[in-house]
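Biologist: I am new to this structure and would like a close look at a single part, the place where two of the chains meet. Please take it slowly and keep the reasoning connected.

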Amino acid sequence: MKTNPGRFFEDYRLGETIRHATPRTVTTGDVALYTALYGPRFAVQSSDAFARALGLPQSPLDDLLTFHVVFGKTVPDISLNAVANLGYAEGGFRRPVYPGETLSTVSEVIGLKESSNRQTGVVYVRSVGSDANGETVLSYCRWVLVRKRDPQAQIGEEHVPNLAKVVDPNDLAGALPPLDVSAYDSDLAGSPHRFGDYAKGERIDHVDGMTVEEAEHQIATRLFQNTAKVHFDNHAAKDTRFGRRLIYGGHVISLARALSFNGLANAFALAGINAGRHVAPLFAGDTVYAWSEVLDTADIGRADVGLLRLRTVATKNQPCGAYPDRQGEGYDPAVILDLDYWAFMPK
Amino acid sequence: MKTNPGRFFEDYRLGETIRHATPRTVTTGDVALYTALYGPRFAVQSSDAFARALGLPQSPLDDLLTFHVVFGKTVPDISLNAVANLGYAEGGFRRPVYPGETLSTVSEVIGLKESSNRQTGVVYVRSVGSDANGETVLSYCRWVLVRKRDPQAQIGEEHVPNLAKVVDPNDLAGALPPLDVSAYDSDLAGSPHRFGDYAKGERIDHVDGMTVEEAEHQIATRLFQNTAKVHFDNHAAKDTRFGRRLIYGGHVISLARALSFNGLANAFALAGINAGRHVAPLFAGDTVYAWSEVLDTADIGRADVGLLRLRTVATKNQPCGAYPDRQGEGYDPAVILDLDYWAFMPK
Amino acid sequence: MKTNPGRFFEDYRLGETIRHATPRTVTTGDVALYTALYGPRFAVQSSDAFARALGLPQSPLDDLLTFHVVFGKTVPDISLNAVANLGYAEGGFRRPVYPGETLSTVSEVIGLKESSNRQTGVVYVRSVGSDANGETVLSYCRWVLVRKRDPQAQIGEEHVPNLAKVVDPNDLAGALPPLDVSAYDSDLAGSPHRFGDYAKGERIDHVDGMTVEEAEHQIATRLFQNTAKVHFDNHAAKDTRFGRRLIYGGHVISLARALSFNGLANAFALAGINAGRHVAPLFAGDTVYAWSEVLDTADIGRADVGLLRLRTVATKNQPCGAYPDRQGEGYDPAVILDLDYWAFMPK
């Protein structure tokens, strides 16, 4: 067969390395689309002049654009037959990525665990995004529940990896070059609040809401060359339990991050992803809101920036003034995303 | 509070200067999106080769893209709690803007007038868009009706500025460098009609119609980093008098301008904005049409170009063959925009 | 009249040459939008590094982006009053086009044939897209059924051109510079299947489906500066036989081509268009699927690449596992496109 039917659970081998198609040169065209699709306003990524004043060569990409491009490549090999995207861990951005760079992705299968009903299994991969020289720009683990082609198929070696609950912030300190934060203009950045102004336990309602249209998430998801059919094929979706297209979970992450500008305007770069869970699906017509909690602050031995450990929760069709959260064994029914990450903030 | 709730009327002081976030480097990515969202076909902005033949270094941005980027920055500080955008005056484009330039905006509060019911007030600002060197590329005045947080709040000094009804065309003559119009190719530009072919009083029906989708105006408005929630939050909009999202008024201006190509193909650059009124709101699903009247022609002492004073009227769901216009105290119910501006046209 | 009402059948003269507005510099912004709108994943067009390894200076545009930009310019002069776009022939891509190049289009009227009822006539044109130096990058013939303004109008010389059924593959061999295919990385390209792996008669179901939204096809069609009002004006469309906007036929071609990656991942460049027929209209909300047949293979005397003659059939709302095709005098009712073309594939 010349077409890719996607891999099933029994097709993976522990320790196997998968080189993904298609390498992608990211450009200012991608940046413009990212801005148009999510509305980010972080000054470092928006203004070359602002970035240069800090000592960067130009505006880097929004880190989540890098993430989505790196992630998108894994879909045809990892999650085409996935039932669910279960989680993320050990995500680390190694350096800013700039327009003109070419990204490609390799994944290693680091865990396999068949489900007790033998219909599915969990595949754990560590995916590494690299530049044209093969240098890592981003790596992260994710695990997905994947169908078996044949429930009777025997599975080889199984293993559940022991992933860190939190990325050590000291391992992330080098992800940004030294910056001249004396040139960081708070008016232009949109907020006077710096690293020292945030305290562990603080919660911020990001106030604004963003309604999502079918065209928007499809345009975004294709931009990332993410081919998961559940996002695009409404004819097939009619016969699923949702009866409609599902929105790519990464679309929610980017919306939540852009909304978080209102309250976290100076948290201009992501450093690491500790954990992430797509709690419930989002559909076109829904409106996304978000709130964040400061889980921790880390002084990583740099005079220019520190790291905030943030937990950003996104909801649908419910503003976040009441901080909808975990509830009993699960979540408030409005919650759709629970993301735990490290972000740089100037001192 | 770390989030921006937006200013209320009593938060402004006469003479105050507000430096807006977020500076923005405009790119060919933005240009492509602008083309895709509005469909402009002016040759100077579309073709580097055409622009170079005239003596420009490359294609400049559509002037309205510049306008929207400069305008968008003012929204979080000026119009987040606005009831209505009332008008524009004294708009002047100072020079073409090119991809790669970084724009930022500063506004001065030039007028304040509390409403008689003390619930709201009119804020007048002069907003100045500048390049990375601080040189002005565009300035304009606008006034908006803004809610008071507390109707009882006392207001300081009030003042209603005396704004020019029309920008003096001689003040706009320098907004374009000298051009070699002998190289202006009418076939490629799409029309043989030059400055001398238009006469005061002439009216032109621009014929074509453009239906607007929710995704389109949201993508455009985010591209401009305009954060007014009425354009994006359909969950909140359900409880408003319109019951749905409002389309950014600037979206209508850009659609009308792009439609005006059919009849004004050589009016390739804007010079000034005399007045503008968003007569009625536009909603997704509506179809926009436009017609223009030549209010005046100005020979500004240049051998290459002259200025046309144009009034472009946009309607929704009504073609403009009958030139729907002012009617009694108000307007034909189909009219949504009445814009009075100066545009350059080759001789 | 200063507006363009479009030409009617009696306005064309055999042998006439029409220089179309508006020249267009294509950029990485256009490329990003093309990716976002269709989701192509061909590695040569996606990655500068991949293209350079083969010996190209950078990633060229997707050939269909070039096609749409060249085609779009012809619409105001050729098909504004068209009833139907009847066919394509003798299409040839002469060389890859790169971001930064400026394209313009000239058409020659090579045929005219009045319909027997005298209400309409068929106009045949050869359209030539050129770069800023006037060198051809693409030429193709198409014929359209155009209304007469006045059914009684007399028609001058008529002629039905004798167009080739198939472009000679040897005439297309020079459309790509010599490539170092030893550097062609099959993993990154997404498929191990090369020229020698495809055989005449082979059929491939491309599996995936893509649902189209109004915003998407409008954004695409405006990007190409295609002004055909049937794609944009829903107010006017309400009174047509379809009662709604029609999607640009080229949108279907690009979707089918992007879907064909799944099975033809290494058919990375188009060389020629033999024939094309828009069998039925597509509307927003429909889902597009596609399948292809290898009509022929041509070894064109190059050690690096060969040509596959492919026929790609697109359907709406029907997956292509059963290869829906011609049926009796017509087609399976699900078929919307039947395109016959040559594509390069590495050996």
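Which residue of chain A comes closest to the rotation axis? And from there, what can be said about the contact of chain A with chain C?

Modeller: The model is a predicted one, and everything that follows should be read with that in mind. Of the residues of chain A, A:Gly29 comes closest to the rotation axis, its C-alpha lying at 2.2 Å. The axis in question belongs to the rotation of 120° that superposes chain A on chain C, with 0.0 Å of shift along the axis and an RMSD of 0.0 Å. The two copies are thus related as by a three-fold rotation axis. The copies nevertheless use different surfaces where they meet, for 14% of the contact residues of chain A recur in chain C.

The contact itself takes 35 residues from chain A and 47 residues from chain C. The size of an interface is often given as the accessible area lost when the parts come together. Here, chain A and chain C bury about 3,000 Å² between them, and 55% of this area is on carbon and sulfur atoms. On the side of chain A, the residues that lose the most area to chain C are A:Lys2, A:Arg19 and A:Arg222, which together make up 25% of what that side buries.

Turning to the polar side of the interface, the rule finds six salt bridges across chain A and chain C, and 22 residue pairs are in polar contact between these two chains. The elements that give two or more residues to the side of chain A that touches chain C are strand S2 (24-25), helix H1 (28-38), strand S4 (102-114), helix H7 (214-223) and helix H8 (234-237) of chain A. H7(A) gives the most to that side, with six residues.

Individual pairs make the picture more concrete. A:Arg19, already named among the residues that lose the most area, meets C:Asp187 in a salt bridge between side chains, at 3.1 Å from N to O.

A second salt bridge brings together the side chains of C:Asp208 and A:Lys229, at 3.8 Å from N to O. C:Asp208 lies in the loop between strand S7 (203-205) and strand S8 (210-211) of chain C, and A:Lys229 in the loop between H7 and H8 of chain A, so this pair joins two chains. The partners are not equally covered, because C:Asp208 counts as buried at 14% relative accessibility, whereas A:Lys229 is partly exposed, with a relative accessible area of 35%.

Another salt bridge is formed by A:Arg245 with C:Glu213, whose closest N and O atoms are 2.8 Å apart. A:Arg245 lies in the loop between H8 and helix H9 (249-259) of chain A, while C:Glu213 lies in the loop between S8 and helix H7 (214-223) of chain C, so this pair too joins two chains. In this case both A:Arg245 and C:Glu213 are buried.

Chain A also has a link to chain B, in which A:Glu213 forms a salt bridge with B:Arg245, the closest N and O atoms again being 2.8 Å apart. That pair runs from A:Glu213, in the loop between strand S8 (210-211) and H7 of chain A, to B:Arg245, in the loop between helix H8 (234-237) and helix H9 (249-259) of chain B. Both A:Glu213 and B:Arg245 are buried. As a wider setting for these pairs, the structure holds 72 salt bridges over all chains.

Technical notes
Residues numbered from 1 in each chain as written. Chains lettered and ligands numbered in written order. Predicted model: local features only at pLDDT ≥ 70, side-chain atom pairs only at ≥ 80, totals over all residues. Heavy atoms only, no water. Least-squares fit on C-alpha atoms with pLDDT ≥ 70 in both. Contact = heavy atoms within 4.5 Å. Buried area = accessible area lost by both parts, 1.4 Å probe. Salt bridge = Lys/Arg side-chain N within 4 Å of Asp/Glu carboxyl O. Polar contact = N/O pair within 3.5 Å; in protein donor to acceptor, adjacent residues only side chain to side chain. Helix = DSSP H or I, 4+ residues; strand = E, 2+ residues; numbered from the N terminus. Buried < 20%, exposed > 50% of the residue type's maximum accessible area, 1.4 Å probe, protein only.
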